[in-house]
Amino acid sequence: MRPLTTVGAALLVLGLSLTACTTRAHTAPRPSSDEVVEAATRQLTDECLSQWGLAPPRPGGPSPSTAEQQRVDAALFGTGPAQLSLRLPTGYVVRTHTDGCLAAARRRLYGDQVRWFRTSVVVDNLGPEATATHRSLAEVRARHHAEITEWRRLRTHAVAEATVLLTRHR
């Protein structure tokens, strides 16, 4: 067997790299976990709205009448006073409903809407809490270690549920 010449070796490397580039170019990028959960949430809320005889809102779609938009909002976000609330160290109070299509989607994906609401509100507001309490972000994160751990557990559950849901509806 003859040894590879420098030119032959260079051509071999170039060919392998072109093959690798070609292979990657045909592979669709995997959606992020946020995109997977968002797609499943949209699918669940769309199905729920359809069960109510309502058309899911779409950007660029026809504008519904005011009355129709109110019906969609009520079905999507719930009605009456919000059932869940949490006061943050910043002084703000965050509220949400346990009724409505969005709440139903969250229950389905996260398994526990109340726990998801509480942990996600805390985790989403770590930066503002650090600013309001004059603490470092690392210190605030350490104080909320349990909530961060629970957020990650619930998020992992939601990604798994969303993946199964989206796979079934292909």
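In which strand is the place of Val-93? Val-93 sits in strand β2. The model described here is a predicted one.

## Overall build

The protein has eight helices and two strands. Read from the N terminus, its elements follow the order α-α-α-β-β-α-α-α-α-α. The chain counts 170 residues, of which 28% are buried. Take the contacts between residues at least 6 apart in sequence: 54% of these join residues at least 24 apart.

## The hairpin

The two strands belong together. β1, residues 84–87, pairs with β2, residues 93–96. The pairing is antiparallel and runs over four bridges. Five residues lie between the strands, and the whole forms a hairpin. Gly-91 is in the turn and has a positive phi of about 100 degrees.

Two facing pairs can be named. Arg-87 is opposite Val-93, and Leu-86 is opposite Val-94. Val-93 also touches Ser-85, Leu-86 and Arg-87, when residues up to four places away in sequence are not counted. Its C-alpha atom is 10.0 Å from that of Val-121, which is 28 residues away along the chain.

How do the faces of β1 divide? Which residues of β1 are on the covered face, and which on the uncovered one? Leu-84 and Leu-86 are on the covered face. Ser-85 and Arg-87 are on the uncovered face. Side chains in a regular strand alternate between the two faces of the sheet.

## Four residues by exposure

The table sets out four residues, each with its element and its relative accessible area.

| Residue | Location | Relative accessible area | Class |
|---|---|---|---|
| Gln-113 | helix α5 | 6% | buried |
| Val-93 | strand β2 | 28% | partly exposed |
| Ala-138 | helix α7 | 56% | exposed |
| His-134 | loop between α6 and α7 | 74% | exposed |

Why does Gln-113 count as buried? Its relative accessibility is 6%, and the cut-off for buried is under 20%, so Gln-113 falls in that class. Leaving aside neighbours within four places in sequence, Gln-113 is in contact with Leu-84, His-97, Thr-98, Ala-103, Arg-106 and Arg-107.

Val-93 is partly exposed because its 28% lies between the cut-offs of 20% and 50%.

Ala-138 belongs to helix α7, which spans residues 137–143. Ala-138 counts as exposed because its 56% is over 50%. The C-alpha atoms of Ala-138 and Leu-126 are 9.4 Å apart, with the two residues twelve places from each other along the chain.

His-134 is in the loop between α6, residues 126–133, and α7. His-134 is not a glycine, yet its phi is positive, at about 55 degrees. With 74% relative accessibility, His-134 is exposed.

## Nonpolar cores

Nonpolar side chains tend to be buried together in soluble globular proteins. Which residues make up the largest nonpolar core here? There are twelve: Val-36, Val-37, Ala-40, Leu-44, Ala-105, Leu-109, Tyr-110, Trp-116, Leu-154, Ala-158, Ala-162 and Leu-165. Three helices each supply at least two residues of this core: α2 (33–51), α4 (101–110) and α8 (145–168). Another core lies apart from the largest one. This other core has eleven residues, among them Leu-84, Val-122, Val-123 and Ala-130.

Val-37 shows the contacts of one member of the largest core. Not counting residues up to four places away in sequence, Val-37 touches Leu-109, Tyr-110, Arg-155, Ala-158, Val-159 and Ala-162.

## The largest pocket

Rolling a probe the size of a water molecule over the atoms shows where empty space is left. What volume does the largest pocket have? The volume is about 450 Å³. Its lining holds 24 residues. Closest to the centre of the pocket are Glu-38, Thr-41, Arg-42, Leu-102 and Arg-106.

Which helix gives the most to the lining? Helix α2 does, with eight residues. Each of α2, α4, α5 (113–124) and α8 supplies at least two lining residues. By class, the lining has eleven nonpolar, five polar and eight charged residues.

Terms used. Residues numbered from 1 in each chain as written. Predicted model: local features only at pLDDT ≥ 70, side-chain atom pairs only at ≥ 80, totals over all residues. Heavy atoms only, no water. Buried < 20%, exposed > 50% of the residue type's maximum accessible area, 1.4 Å probe, protein only. Core = buried A, V, L, I, M, F, W, Y, C linked by side-chain atoms within 4.5 Å. Contact = heavy atoms within 4.5 Å. 1 Å grid on protein atoms, 1.4 Å probe; cavity = no way out; pocket = protein on both sides within 12 Å on 5 of 7 lines; lining within 4 Å. Points joined across faces, edges and corners; volume = space filled by probe spheres on them. Nonpolar A, V, L, I, M, F, W, Y, C, P; charged D, E, K, R; others polar. Pairing = 2+ DSSP bridges.
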